[in-house]
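Biologist: Could you take me through this structure with a few questions and answers? I am new to this, so please explain each term as we go.

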Amino acid sequence: MIAIIDFGSQTTHLIGRRLREISIPNIIVEPAEFFEKIKTIKYDGVILSGGPTSVYEKDAPTIDKKIFDIGKPILGICYGEQLIAHLLNGKVKSGKKKEYGPATLTILKKSPLFKIPSSSYELPAKIAVWMNHGDEVQKIPNGFETIGTTDTIPHAAIANEMKNIYGIQFHPEVLHTQFGIQILKNFVKICQLVPTDKPISKDLVTQKIADITDSVGNMNVIGAFSGGVDSSIACLMVYMAIGKQFTPIYIDSGLMREGETEELKNVFVNNYQMKVKIIDATYRFINNLKGVTDPEKKRKIIGQTFIETLQEEAEKHGAKLLVQGTIYPDVIESAGSKHSKNIKSHHNVGGLPKNMKIALLEPLRDFYKDEVRRIGDILDLPKSIVNRHPFPGPGLAIRIIGEVTHVKLNTVRRADQIVREEISKANLDKDLWQVFAIFTGVKTTGVRGDDRAYGETIAIRAVESLDVMSSNFAKLPWEVLEKISVRIVTEITEVNRVVYDVTNKPPGTVEWE
Ligand code: XMP
């Protein structure tokens with residue numbers, strides 16, 4: 001067992017997931033609970049997570065120094081490394097350069113933490129790592145040595161091998177870090193544990209479905225069904241668990257993409273005979289969003305409107321439980337742990353009203369998208385659904401900067417359709433996590449025929465990712481971008497400029513709002 005102490009990083013849970021994938025049980029604990037918790041659990045090592053605070057700030061989350069004397073191996077990641085340095089009389093300062101995204105780590109010294117395939121391990125070895133920090137360790141504590149460095153941070157990896165204490169500024173849990181999983185496996189071995197690879201299995205899915213049957217009993221249940229990967233799989237699991245006690249509800253918010261409702265009817269109603277109830281709530285949503293420009297307000301209003309509509313349906317069906325396809329990244333970005341910051345209120349988590357009259361059933365809440373897709377494969381869902389690109393619950397509303405109107409919705413929906421068609425024609429869907437259009441709200445000057453034009457700007461966003469805790473903008477071929485651009489400005493006359501978003505996450509998020 002590894003204890004992960006959570007200082008509020010967006011990726012703390014991801015560390016847990018990575019350990020789970022290599023069969024290492026782990027628990028995530030608050031710093032203040034740690035010493036109490038370890039009285040009752042047997043654990044073999046400790047990971048100090050990253051976090052959004054600076055260690056030298058007043059009220060920054062911390063841990064008692066006695067942690068370094070308990071004799072268990074410790075790995076500090078990002079804030080965790082800085083905390084080790086801070087508590088052991090090293091020095092942490094705001095870095096001259098903040099780093100978000102890719103960097104190159106030069107491994108300076110052989111270390112049990114950095115045992116990587118030998119062909120890559122001729123010192124000084126260079127590996128690609130993922131950074132997300134503003135502060136850095138400037139002076140390492142006594143007894144430590146620097147085992148890795150980058151162009152901007154002198155002490156990107158530090159170690160006290162005698163005491164088995166390690167600190168790294170980069171995030172090994174993020175898949176963009178080369179050998180990240182190997183580095184975690186190495187730490188696990190330092191803890192005298194044996195890592196073995198273990199992906200999501202059929203037994204686990206069968207167990208989850210049996211758990212749903214048990215927990216629901218004879219209650220009636222409704223489901224928030226959007227036709228997307230997560231809600232489809234969550235609803236299918238519940239349908240398999242309780243059959244006719246379950247009614248999936250599809251709310252057409254008017255914020256959906258072109259053709260979405262028809263596609264959903266085709267697959268689920270026709271193929272699976274699931275009795276999906278379809279409700280047209282377009283005017284309700286757009287009316288509630290009238291005059292609202294703040295992204296967080298939009299998200300809250302959409303969450304509230306979904307829930308109000310679903311609660312009305314729950315009453316009609318005598319349902320006590322509502323199924324949602326919430327997955328872990330939704331939870332963590334909505335400030336799912338004590339020290340984490342709210343990045344954006346996902347409509348199905350942070351966007352929910354406080355006074356909900358119905359309890360939630362969220363079978364996928366602990367899973368990441370690729371794990372959810374694996375569950376879909378195990379359940380034999382068609383590839384067209386399992387591999388669908390994600391689409392956020394608040395829909396096109398968070399892809400329109402400023403007030404949401406029917407006209408803007410129409411523009412961004414048409415642009416989105418063009419983008420998706422061209423990407424499919426170029427056979428690029430499978431390489432991308434998501435690709436879509438944004439109505440930026442910026443008007444620019446152009447020329448059409450011999451006339452001056454003053455029109456809208458559409459942005460295109462295409463990203464590659466595996467778990468969406470981090471992502472890269474996709475390097476789409478110029479010809480494909482050009483086709484998209486030409487079609488948008490030709491077919492949608494109110495648009496006269498198309499731009500491409502070249503921001504990674506972090507620091508950008510995938511959606512603009
Ligand atoms: P961000 O923008 O946070 O997006 O980098 C990460 C992934 O989550 C999707 N997303 C949402 N999904 N409800 C959802 O069901 C939401 O409120 C929501 N907001 C963002 C986004 O499309 C991306 O795949």
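Modeller: Gladly! A residue is called buried when its relative accessible area is under 20%, exposed when over 50%, and partly exposed in between (1.4 Å probe, protein chains only). The model is predicted, so local features need pLDDT of at least 70 and side-chain atom pairs count only at pLDDT 80 or more, while totals for chains, interfaces and linings use all residues. Residues are numbered from 1 along each chain as its sequence is written, and side-chain values use heavy atoms, with hydrogens and water left out.

Biologist: Which residues does the UniProt annotation "active site" cover?

Modeller: This comes from an unreviewed UniProt entry; positions follow the numbering used here, feature names are shortened, and annotations may be inferred rather than shown by experiment. The residues named in that record are C78, H171 and E173.

Biologist: Why do they gather at one spot?

Modeller: In sequence they span 96 residues. They still gather at one spot, because no two of their C-alpha atoms are more than 11.4 Å apart.

Biologist: Which of these residues does the lining of the largest pocket include?

Modeller: A pocket is an open set of points on a 1 Å grid over the protein atoms alone, where a 1.4 Å probe fits, with protein on both sides within 12 Å along at least five of seven lines; lining residues have an atom within 4 Å of a point. From the annotated set, the lining of the largest pocket includes C78 and H171.

Biologist: Is H171 buried or exposed?

Modeller: H171 sits in the loop between strand 9 (165-168) and helix 4 (180-190); helices (H or I, at least four residues) and strands (E, at least two) are DSSP runs, numbered from the N terminus. Its contacts (heavy atoms within 4.5 Å) include C78, W130 and N132. Because its relative accessibility is 4%, H171 counts as buried.

Biologist: With which side chain does the side chain of E173 make a polar contact?

Modeller: E173 also belongs to the loop between strand 9 and helix 4, and is buried, with a relative accessible area of 0%. A polar contact is a pair of N or O atoms within 3.5 Å; within protein, one must be able to donate a hydrogen and the other to accept it, and residues adjacent in sequence count only if both atoms are side-chain atoms. At 2.7 Å, the partner of E173 is the side chain of T11.

Biologist: How many salt bridges does the structure hold?

Modeller: Side chains of opposite charge can pair when their charged atoms come close. Here the term asks for a side-chain nitrogen of Lys or Arg within 4 Å of a carboxyl oxygen of Asp or Glu. The structure's total is 30.

Biologist: How many residues apart are E21 and R18?

Modeller: E21 and R18 form a salt bridge, with their closest N and O atoms 3.3 Å apart. E21 is partly exposed at 21%, whereas R18 is buried at 2%. Both lie in helix 1 (residues 12-21), and their separation, about one turn of the helix, is three residues.

Biologist: How far apart in sequence are the parts that R388 and E263 tie together?

Modeller: The closest N and O atoms of the R388 and E263 salt bridge are 3.8 Å apart. R388 lies in the loop between helix 12 (383-386) and helix 13 (406-425) and E263 in helix 7 (residues 260-272), so the pair ties together parts whose separation in sequence is 125 residues.

Terms used:
Lists of a residue's contacts leave out its neighbours within four places in sequence.
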